[in-house]
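How do two protein chains come together? Let us take a friendly walk through a model and look at the place where its chains meet.

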Amino acid sequence: MNLNMNSVETLVAQIHGLSGSISDINQLHSLLKQSEDLFQSESTRLAPLLTELDPFMHSLGYLYILDACTSAPISKEQASELVLSIARFINLCAAEQIRLAPDKFTSVCKRFKDQVMLLEDPMQGVAPMLTAIRKLQLSSEHLTTLHPDFLLFCLLAKCYKPGLSILEDDIFDVDQPRDFFLYCYYGGMICIGQKKFSKALELLHNVVTAPMSILNAIVVEAYKKYILVSLIHVGQFSISFPKYTSSVAQRNLKNFSQPYLELANSYGAGKISELELCVQAHNEKFEFDKNLGLVKQVVSCMYKRNIQRLTQTYLTLSLQDIANTVQLNSAKEAEMHVLQMIQDGEIYATINQKDGMVRFLEDPEQYKTCEMIERIDSSIQRIMMLSRKLTDMDEQLSCDPLYLAKVSL
Amino acid sequence: MDAEDEATGHMIEEEEIYVNGGEDGDESKRHRPIISGEQLDIEAYAALYTGRTKISRLLFIAEKCGNASMQLDALRMAYDEIKKGENTQLFREVVAKIDGRLGPNYGPDNAWADAVDRRAELRKEKLENELNAYRTNLIKESIRMGYNDFGDFYFAHGQLGDAFKNYVRTRDYCTTSKHIVHMCLNAILVSIEMGQFTHVTSYVSKAEQSQDALDSITIAKLRCTAGLALLEGKKYKLAARKFLETGPDLGNSYTEVIAPQDVATYGGLCALASFDRAELKSKVIDNINFRNFLELVPEIRELINDFYTSHYASCLEYLGNLKANLLLDIHLHDHVETLYEQIRNKALIQYTHPFVSVDLHMMANAFNTSVSSLEKELEALITNNQIQARIDSHNKILYARHADQRNTTFQRVLQTGCEFDREVRSMLLRANLIKHEFNLKASRKH
């Protein structure tokens, strides 16, 4: 036993010594890999060794020892301490070093997540996880296993802003498909919470149309939300899937979301009363899926859409007529709806309270301002960048030996 | 309100510039509308037709008209007509419908029916023997005549399916193109009676492909049956074209199918419902050939002219009056509503087209309707994008609205950019995922 401890001590000394240059670090890395079993056996006694090491300079060594420490079962009292120490490590560690051992880092962070969940204080996990992601990512287009955990923390802590900042990055590189599904699903939920419906629609669309060979629960739930967000944001929902959707999804998703499809149908019919009947009928199902809030938003959206349609036909209309056409109860309610829509920028109108008339105006946007030019310009730049990416990918693929082997057969 | 000249560049008959829909105090300048459409004179109507179609039309009128006296009239004439022929099946049907209401002269006459049936049996045997003889002798022309006779026989006895089969069988024995045309015309006649208009279309095209030049009467016959088939298929524009191309030589030579009044009515209404102004002018109003047909139905001629000169109130009045009688027409019955709706919509669209703003009160007067119902109709048309305008509901004015091209272009550009962005990103992601899966499978294999 003591022999082992001595070996461990030697290793620690080596860590101290070999944490200087890149070649040294590589050597250290191979040494550490060889000593894994050693670490595993001494897991309970490694904690004090951590104090000897500096998390920044000796990140790699620290990581290995930390990993071994946390692999042992942790008691409740130790948990909060452990959480703090891991958080400290994450904040201080050197990115280049930990990127040499990404799975170790990931497993440490996973255990961190478990402990935070045990403590039921997701707020603690938000900041460290964000730092962890940034350090682990090879580029901002890289999706790590930690992304969904981070988003989960944001959701549970109701701390949406950091989540949104991560979602702004475009993802092109995925490690594990499962992470991708969870990432998109949680991301969709965060966007819905922040009322960024177009981004939510995009994320949910990616989940539903992702290539997959068997259906999983994430996709089913995502599809339900996708239907609702589609109704809220676009005002219609088409049952046909795009061509690139996997056949598994195309065949099976509809079976799991019958009440939602019925809701979409009655929305399309355009009558508020029918829609509300439908909502009543499937109330429990919606509540069970925790989608009741979204469903209520769908109903209020219908009023909005009907009023918007009126702007296409009328220049001025009395509030009473609006109430009648849109099936609201009174002119007062109509006034409130229209007022809300004007404030949200969904229609352009003026209300004349004396006559009880609403005057619909044209969109004042003239597309002549500098901001508009900048917007178009940045759009062009983005699209050029995407096109270049596309051509690069195409070239890469044409040189890929596996692909060529398949194609030439 | 801005009143502009009808800026369509066509000549209008009256020299004055009319405020659209405005009432003119001086009656003499306007044509006095010839109100017609009194209750249909069944005898005159039936006199236009011969053969089986006369009976079918009379029975249809009896079925669809509202009042009993008209019904009995129609049934009586049908009875008389059937007695002149040999169709005992139809005879029994009519007797059942009359139900003794017309007195003993119009009751079941079993003696007559039996006599006819017996005669039919004998004739059938005779025809069969003759046909067999011809068949053994293999004289093509005789076989053809034999089948033809059989077809005629079955047709007279109301067995339309058999008649059709026999007519079609003559095809193999036709030697000249005249024979083929003859067969086609027979087949067309039977198909129309059976109501199978797909056959009509195919046989019309077959006849038109004949190598010898057809005489003008035959061409006219083929055109109007093609028009009938298209009318049934709800292809009103094409049907109108066919009817308008029917030559005046048709005259009364096709009364076993269609009367020249019908050509005018069907053609006129379909044209009004589906042609735009230029086509209406060139193909209907200026069409000399068709004028001959229109003379036979002056109401249709008047209402087309009224529509073209924007006297919508009187045009719609004519239409309203004619409606009851048109509903009794066997071919037009199912299409009257649709055609009327289309004509009305066209009238509304044409009314608003030349103006920048339109006072809804004056428009309601012109169309003889109330402002609120007019508003509803206009709303429907605007929502369907058939009128580019917006309604000022407060002042009851309709303002023309032309989309700002520049703004819509910008909007579309930005939107396309966003969509492209989104699609390409999703595509790259999916490609990445698939590559992953593929790599996974590949690595598992090794």
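Before we start, one idea is needed: two strands pair if DSSP finds at least two bridges between them. Please also keep in mind that this is a predicted model.

**A sheet shared by two chains**

With that idea in hand, look at strand β3 of chain A, residues 314–318, which pairs with β2(B) in the parallel sense over two bridges. Which residue of β2(B) is the bridge partner of A:Tyr314? The partner is B:Ile391.

This pairing belongs to a wider arrangement. An open sheet of six strands runs in the order β4(A)-β5(A)-β3(A)-β2(B)-β3(B)-β1(B), and its pairing is mixed. At the edges are β4 (349–352) of chain A and β1 (357–359) of chain B, each of which pairs on one side only. From one strand to the next, the twist averages 20°.

Now move to the part of the sheet that chain B supplies. Here β2(B) and strand β3 of chain B, residues 397–400, run antiparallel and are joined by four bridges. The hairpin they form has four residues between the strands, and B:Lys396 takes a positive phi near 55° there. On the other side, β1(B) is joined to β3(B) by three bridges, again antiparallel. Some of the facing residues within chain B are set out below.

| Residue | Partner in β3(B) |
|---|---|
| B:Arg390 | B:Tyr399 |
| B:Ala389 | B:Ala400 |
| B:Ser357 | B:Tyr399 |

As the table shows, B:Tyr399 stands opposite B:Arg390 and is also the bridge partner of B:Ser357.

Helices lie against these strands too. Helix α20 of chain A, residues 319–326, lies across β3, β4 and β5 (357–360) of chain A, at about 95° to β3(A). Helix α19(B) packs on the sheet as well, touching β3 of chain A together with β2 and β3 of chain B. The direction of α19(B) makes about 150° with that of β2(B).

**The interface in numbers**

The size of an interface is often given as the accessible area lost when the parts come together. Here, chain B and chain A bury about 4100 Å² between them, with 59% of it on carbon and sulfur atoms. In chain B, the residues that lose the most area to chain A are B:Arg390, B:Arg425 and B:Leu428, together 16% of what that side buries. You have already met B:Arg390 in the sheet, opposite B:Tyr399.

How many residues of each chain are in contact? There are 38 in chain B and 47 in chain A. Across this interface, 19 residue pairs are in polar contact. On the side of chain B that touches chain A, α19 (371–383), β2 (389–392) and α20 (405–445) each supply at least two residues. The most come from α20(B), which gives 26 residues. Sorted by class, that side has 15 nonpolar, ten polar and 13 charged residues.

**Charged pairs**

Side chains of opposite charge can pair when their charged atoms come close. Over all chains the count comes to 36 salt bridges, and five salt bridges are found across the interface of chain B and chain A. A:Arg382 and B:Asp421 form a salt bridge, with their closest N and O atoms 2.6 Å apart.

Another salt bridge lies within chain A, where the side chains of A:Lys304 and A:Glu346 meet at 3.6 Å, N to O. This pair links distant parts of the chain, 42 residues apart. A:Lys304 is in helix α19 (residues 292–313) of chain A, while A:Glu346 is in the loop between α21 (331–344) and β4 of chain A.

Methods. Residues numbered from 1 in each chain as written. Chains lettered and ligands numbered in written order. Predicted model: local features only at pLDDT ≥ 70, side-chain atom pairs only at ≥ 80, totals over all residues. Heavy atoms only, no water. Contact = heavy atoms within 4.5 Å. Buried area = accessible area lost by both parts, 1.4 Å probe. Salt bridge = Lys/Arg side-chain N within 4 Å of Asp/Glu carboxyl O. Polar contact = N/O pair within 3.5 Å; in protein donor to acceptor, adjacent residues only side chain to side chain. Nonpolar A, V, L, I, M, F, W, Y, C, P; charged D, E, K, R; others polar. Axes fitted to C-alpha atoms, helices over the stretch in contact; angles between N-to-C directions.
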